[in-house]
Amino acid sequence: MAAPGRQLCGAAALLLLLCLPLRARADEHEHTYQDKEEVVLWMNTVGPYHNRQETYKYFSLPFCVGSKKSISHYHETLGEALQGVELEFSGLDIKFKDDVMQTTYCEIDLDKGRRDAFVYAIKNHYWYQMYIDDLPIWGIVGEADENGEDYYLWTYKKLEIGYNGNRIVDVNLTSEGKVKLVPNTKIQMSYSVKWKKSDVKFEDRFDKYLDPSFFQHRIHWFSIFNSFMMVIFLVGLVSMILMRTLRKDYARYSKEEEMDDMDRDLGDEYGWKQVHGDVFRPSSHPLIFSSLIGSGCQIFAVSLIVIVVAMIEDLYTERGSMLSTAIFVYAATSPVNGYFGGSLYARQGGRRWIKQMFIGAFLIPAMVCGTAFFINFIAIYYHASRAIPFGTMVAVCCICFFVILPLNLVGTILGRNLSGQPNFPCRVNAVPRPIPEKKWFMEPAVIVCLGGILPFGSIFIEMQWTSFLSAASTAIYVYMYSFYYYFFKTKMYGLFQTSFYFGYMAVFSTALGIMCGAIGYMGTSAFVRKIYTNVKID
């Protein structure tokens, strides 16, 4: 039978080939226009600059709407709905290649309540997002003076749109017309549109958003190179130590085979050979253990496929396409979960395979949906755009019950029939061997903690749960670092943003731990099988 690691990579590669022809698009528009054809300016969301996930509908602030007849927008993908995209028509009259001089499109009657709303938004550095032909645009609501006593609203949206042929390839916004917020006054909102010919190709129109200087983010190339070299060094160091140790052990065991039966019986087994009758013993709580292994293998397959598809396809050019692709790939890879979880549970002598299948199928979806459901209550209380609509929640439940569960069942049946029989290289003793006392640094709790710091630093094979948790403990350090990052590297604040950040970081860390744990177990399992296969055991 092929090694578990090769089975996982093979399944991931097969699913990758199946998913490559499928392109997750946020819409089916052709993005082509005739001269003077209508171009829609969508207003998306507004929210604090430092709380990127705390977003609200644009017109939750008392902005006024243009006079043009409203156009409704619906969520075109599941990813759009889950990410809180709330497109509303601006009411501005924009036509392809038709310049518009500065024109007043509406008027705000600034009473005390509306002024207070704008002042609160300016104090908290609110910014808004718009879309033209799927190209995002950002702007600031207003600004305060140096003393923080007077507040000003930007009232003039100056749009400059680049076109190449009959397609839009570039959009820029300049905010002008700073007006002081004074109660019981009227504020006129205006806009202008300037069309210019551009040499940018339609396929390259999103390239400027990938420029580090555009978002002013820094790529730590030295840190990436340093981490990569450290991993290479640790893998080489551990491999060298293991190979030297194994060569000595194999040479010592081969000498025993040359002895006669009397001498061999008088001698005692030593080293890792003496636990050959217990190393393949089923783990405690095999139902949960096998479900975690199956889920980890599925997360690994999903991560691999989504990364490769994102490299090949321009997923960042469509709203919500990355999340939609991840959901689709996760549902499609459900047989991977069932196969590895079901086969492992069968090899460990499990009898309640239907229960194991249900736990494996719903372990990750229940964790994600439970966290999202909790955060959704807070989002509804805040009237945030991140609140998930009821129809979207029903759609997610339907995917779980009518796609993920049946595919997981197929994988479980295949796993139990194809690789569910125990094929250990040595028999398992009926009576467990007494475990000698270990030094403090060999205790499972210490191994688990240290294993997360340097995942490739050591390999421990005495317990099955230890091989899983020592790799999975990496997630603990990731989540601990998220606290440091939140309090010292960001300016996030508020109940909603805090709940969103730590809630989904917990989901990410747990998923990372399950994936690393599964990879750690599969690697150690393959290693243990290999070394015991090459030793003659009576």
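What is the handedness of the crossing in which H9 passes H11? H9 passes H11 in a right-handed crossing, and the legends below return to that pair after an overview.

**Legend 1. The whole chain is a predicted model with 15 helices and 10 strands.** Because this is a predicted model, local features need pLDDT of at least 70 and side-chain atom pairs count only at pLDDT 80 or more, while totals for chains, interfaces and linings use all residues. Residues are numbered from 1 along each chain as its sequence is written, and side-chain values use heavy atoms, with hydrogens and water left out. Helices (H or I, at least four residues) and strands (E, at least two) are DSSP runs, numbered from the N terminus. Of the chain's 538 residues, 44% count as buried; here buried means under 20% relative accessible area, exposed means over 50%, and partly exposed lies in between (1.4 Å probe, protein chains only). The chain exposes about 29300 Å², with carbon and sulfur atoms supplying 62% of it. These areas come from the Shrake-Rupley method with a 1.4 Å probe, and for residues only the protein chains shown count as cover. Among contacts (heavy atoms within 4.5 Å) with a separation of 6 or more, residues 24 or more positions apart account for 79%.

**Legend 2. Helix H9 crosses helix H11 at roughly 40°.** The axes of H9 (residues 334-347) and H11 (residues 390-419) come within 6 Å. That makes H9 oblique to H11. For reference, angles under 35 degrees count as roughly parallel, over 145 as roughly antiparallel, 65 to 115 as roughly perpendicular and the rest as oblique. Axes are lines fitted to C-alpha atoms, for helices over the stretch in contact, and angles run from 0 to 180 degrees between N-to-C directions. The crossing of H9 with H11 is right-handed; a crossing earns that label if the near helix is turned clockwise from the far one by less than a right angle, and left-handed if anticlockwise. On the H9 side, the contact includes Ser334, Pro335, Asn337, Tyr339 and Arg347, and on the H11 side one finds, among them, Ile404, Leu407, Asn408, Arg416 and Ser419. The contact residues of H9 with H11 divide into 8 nonpolar, 10 polar and 2 charged. In this scheme Ala, Val, Leu, Ile, Met, Phe, Trp, Tyr, Cys and Pro count as nonpolar, Asp, Glu, Lys and Arg as charged, and the others, Gly among them, as polar.

**Legend 3. Helices H14 and H15 pack at an angle of about 160°.** H14 spans residues 474-489 and H15 spans residues 495-533, with their axes 8 Å apart. That makes H14 roughly antiparallel to H15. H14 passes H15 in a right-handed crossing. Residues of H14 in the contact include Val478, Tyr479, Phe483 and Tyr486; those of H15 include Tyr501, Phe502, Met505 and Leu512. By class, the contact of H14 with H15 has 13 nonpolar, 4 polar and no charged residues.

**Legend 4. Helices H7 and H8 cross at roughly 140°.** The axes of H7 (residues 286-312) and H8 (residues 321-332) come within 9 Å. H7 and H8 are therefore oblique to each other, and their crossing is right-handed. Gln298, Val302, Ile305, Val306, Val309 and Ala310 of H7 meet Met322, Thr325, Ala326, Val329 and Tyr330 of H8. Those contact residues divide into 9 nonpolar, 2 polar and no charged.

**Legend 5. Threonine 185 and glutamate 203 come with partners from elsewhere in the chain.** Threonine 185 has its place in strand S10 and counts as partly exposed at 26% relative accessibility. Its C-alpha is 6.3 Å from that of aspartate 109, 76 residues apart in sequence. Leaving out residues up to four places away in sequence, threonine 185 touches Ile108, Asp109 and Leu110. Glutamate 203 lies in the loop between S10 (185-197) and helix H4 (212-215), and glutamate 203 is exposed, with a relative accessible area of 58%. The C-alpha atoms of glutamate 203 and valine 169 are separated by 8.5 Å, with their positions 34 residues apart along the chain.

**Legend 6. Histidine 125 and aspartate 134 each have a positive phi.** Histidine 125, not a glycine, has a phi of about 55°. Histidine 125 sits in the loop between helix H3 (112-123) and strand S5 (126-132) and is partly exposed, with a relative accessible area of 47%. Aspartate 134, also not a glycine, has a phi of about 70°. Aspartate 134 lies in the loop between S5 and strand S6 (135-140) and is buried, with a relative accessible area of 9%.
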